[in-house]
Amino acid sequence: MSSVNEPIQTERSNQSKKPSKRNFIIIGAIIIIALILAGMSYYQATRFNSNITINGIKVGGLTADQVMDKLKTSKLTNRVYIGKQLILDKKDTQMAFTDKDLPKVKKLMKKQWTFLPSKKEKDYALAPEKTDHFRTETLKKQLKKELQFMNKSLKAPVDAQVKWEQGKIVISESKDGKQYDIDALLKDYDKQVYTSDVHLEPVFIQPIKSDDPIIKENEKKMQDFIQRSIDYKVQDKVYTLQANELVKKASISNDGKVSITESDMQKKVDEINKSQSTLNKDFKFKTHSGKVISVRGQGYGWAIDAEKETAMLEKAFEKGKESTSASNIYGNGWDYDAIGYETTANNGIGDTYAEVSIADQRIWIYKNGKLIVSTHVVTGKMATNEGTSPGVWYILYKASPYTLRGSAVGNPNYSVDVKYWAPFTNDGQGFHDADWRKNWAGNAYLKEGSAGCVNTPPDVMKTVYEHLSTYDPVIVY
């Protein structure tokens with residue numbers, strides 16, 4: 001039996017060494033899979049994934065060359081949205097891509113590559129080598145202009161603000177608005193500058209909140225402001241003005257500038273005017289005889305323009321000045337000149353002036369307190385109500401020679417030449433020589449006086465003229 005079984009064992013052994021059909025199938029499957037994977041890898045390496053877009057244009061499944069052709073032939077719709085609102089819709093333009101942009105497309109292809117196909121959505125922004133001036137400049141400017149126009153009709157945000165009210169510091173609450181943050185939207189636009197439809201996410205201007213560091217800093221500035229004081233000089237007097245006494249309401253803008261909105265500054269200026277100004281007030285005047293009289297200020301005198309001076313003082317406080325002087329002064333003279341502001345001696349008249357006594361029909365010219373010349377004169381005719389006007393005036397100007405032209409009772413259009421002329425009233429009264437006058441008597445002015453001027457003897461008028469100066473006070477009584 002052993003001889004019969006041995007050949008059978010040898011045959012089975014030989015059969016076991018032959019490749020099985022199953023092995024061929026496995027090997028074949030592996031080869032096929034490898035080929036499929038190789039093909040897929042090649043496809044993936046040469047094609048964009050299915051849900052990839054460039055500048056909003058679908059490029060899924062396309063090669064770099066195909067994408068380049070599509071980009072070159074695509075148009076930009078030039079529509080701009082904020083959220084869902086279309087705010088600009090301009091004429092379509094051709095994309096500015098050229099073959100020079102192919103390396104950029106290939107670079108994007110490598111960037112988006114995955115070993116296996118991917119359906120992940122991704123939009124890439126790609127700028128062409130050639131500048132698209134319409135998109136980068138023209139459309140952007142139009143967008144900015146449109147946003148500015150839209151903001152005009154939209155509610156602006158209200159910043160929290162530090163204020164001074166009712167003697168204490170208060171901080172107002174902020175309020176949201178509906179105005180667009182243009183800078184933020186333009187930055188968003190720049191990211192989509194080559195996208196056909198530009199979709200901007202709404203971004204609004206944010207108000208400064210009450211807990212912002214700026215508000216804390218402004219609160220400190222307000223505390224410093226309200227402690228300010230100014231030395232305010234009017235003539236030779238100095239008044240110390242305190243912010244916490246005079247400022248009723250003030251606020252600080254978020255750039256740190258203080259603004260006074262209500263104050264008692266004008267009330268303070270009015271008080272100073274009442275006690276110190278001379279305009280339209282009676283001057284105490286000591287005559288040549290030593291008698292003290294009151295003479296009404298007419299052309300001569302000054303006052304502070306309270307409204308303008310208040311604005312000046314408030315600005316001085318806002319800027320942090322420590323001292324200032326009165327600067328808005330006016331008077332009744334020509335062009336509202338303020339005359340006598342610099343003079344404080346002798347009750348505001350000083351020690352250089354011309355004195356005219358109607359009753360005495362005489363004048364006295366003083367220079368630095370010394371009597372220079374005195375002479376008899378003839379003043380305006382009383383009988384016809386053309387008397388020389390009493391008051392404190394000043395020399396307006398001087399002229400030599402001069403032609404006097406005007407009107408008088410009985411002589412409506414006269415013209416007279418004089419050698420010396422020094423007017424002191426706005427309506428034409430002044431000192432001049434009168435070589436035509438025959439009557440120089442002390443009572444001549446009653447019925448034979450001038451038309452209002454001070455007729456001065458020709459032989460002394462030159463001396464009078466030489467010692468009169470422009471702006472010298474003239475006291476007529």
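These are my notebook entries on a predicted model, covering the chain as a whole, two sheets, two helix pairs and two single residues.

**Entry 1: the whole chain**

I began with the overall make-up and found that the chain has 12 helices and 29 strands. I then looked up the radius of gyration, which is 50 Å for the chain, whereas the globule rule gives 23 Å for 477 residues, so the chain is more spread out than a compact globule. I also noted the box filled by the C-alpha atoms, which comes to roughly 190 × 50 × 35 Å when it is taken along the principal axes.

**Entry 2: a sheet of three strands and its helices**

Next I turned to an open sheet of three strands, whose order is E12-E11-E18 and whose pairing is mixed. Strand E12 (237-242) and strand E18 (323-325) are at the edges with a single partner strand each, so each has one side without a neighbour in the sheet. From one strand to the next I read an average twist of 25°. Looking at one pair in detail, I saw that strand E11 (residues 229-234) and E18 run parallel and are joined by three bridges, and that aspartate 231 has serine 323 of E18 opposite.

I then asked myself which strands H10 touches where it packs on the sheet. H10 touches E11, E12 and E18, and its direction makes about 145° with that of E11. H9, for its part, lies across E11 and E12 and runs at about 160° to E12.

**Entry 3: H9 against H10**

Since both of these helices had come up, I looked at how they meet. The axes of helix H9 (residues 265-276) and helix H10 (residues 306-319) cross at roughly 125° and come within 9 Å. An angle of that kind falls outside the parallel, antiparallel and perpendicular ranges, and H9 and H10 are therefore oblique to each other. The crossing in which H9 passes H10 is right-handed. On the H9 side I listed Met265, Gln266, Val269 and Asp270 as making the contact, while the H10 side includes Ala306, Leu313 and Phe317. Sorted by type, the residues of this contact are five nonpolar, two polar and four charged.

**Entry 4: H3 against H4**

I went on to a second helix pair, helix H3 (residues 64-73) and helix H4 (residues 102-112), which pack at an angle of about 125° with their axes 9 Å apart. That angle makes H3 oblique to H4, and H3 passes H4 in a right-handed crossing. In H3 the residues I noted are Ala64, Asp65, Val67, Met68 and Leu71, and they meet Leu102, Val105, Lys106 and Met109 in H4. This contact divides into seven nonpolar, no polar and two charged residues.

**Entry 5: a sheet of four strands**

I found another open sheet, of four strands in the order E9-E8-E13-E14, with antiparallel pairing. Strand E9 (168-172) and strand E14 (258-263) are its edge strands, each pairing on one side only. Five bridges pair strand E8 (residues 161-165) with E9 in the antiparallel sense, and valine 170 in E9 is the bridge partner of lysine 163.

**Entry 6: two places in loops**

Last, I checked two loops. Serine 400 and proline 401 are joined by a cis peptide bond with an omega of about -10°, and proline 401 is in the loop between strand E23 (391-394) and strand E24 (402-408). Asparagine 280 is not a glycine, yet it has a positive phi of about 60°, and I located asparagine 280 in the loop between H9 and strand E15 (282-286).

How values were computed. Residues numbered from 1 in each chain as written. Predicted model: local features only at pLDDT ≥ 70, side-chain atom pairs only at ≥ 80, totals over all residues. Heavy atoms only, no water. Axes fitted to C-alpha atoms, helices over the stretch in contact; angles between N-to-C directions. Parallel < 35°, antiparallel > 145°, perpendicular 65-115°, else oblique. Left-handed = near helix turned anticlockwise from the far one by under 90°. Contact = heavy atoms within 4.5 Å. Nonpolar A, V, L, I, M, F, W, Y, C, P; charged D, E, K, R; others polar. Pairing = 2+ DSSP bridges. Rg over C-alpha atoms; globule rule 2.2 N^0.38 Å.
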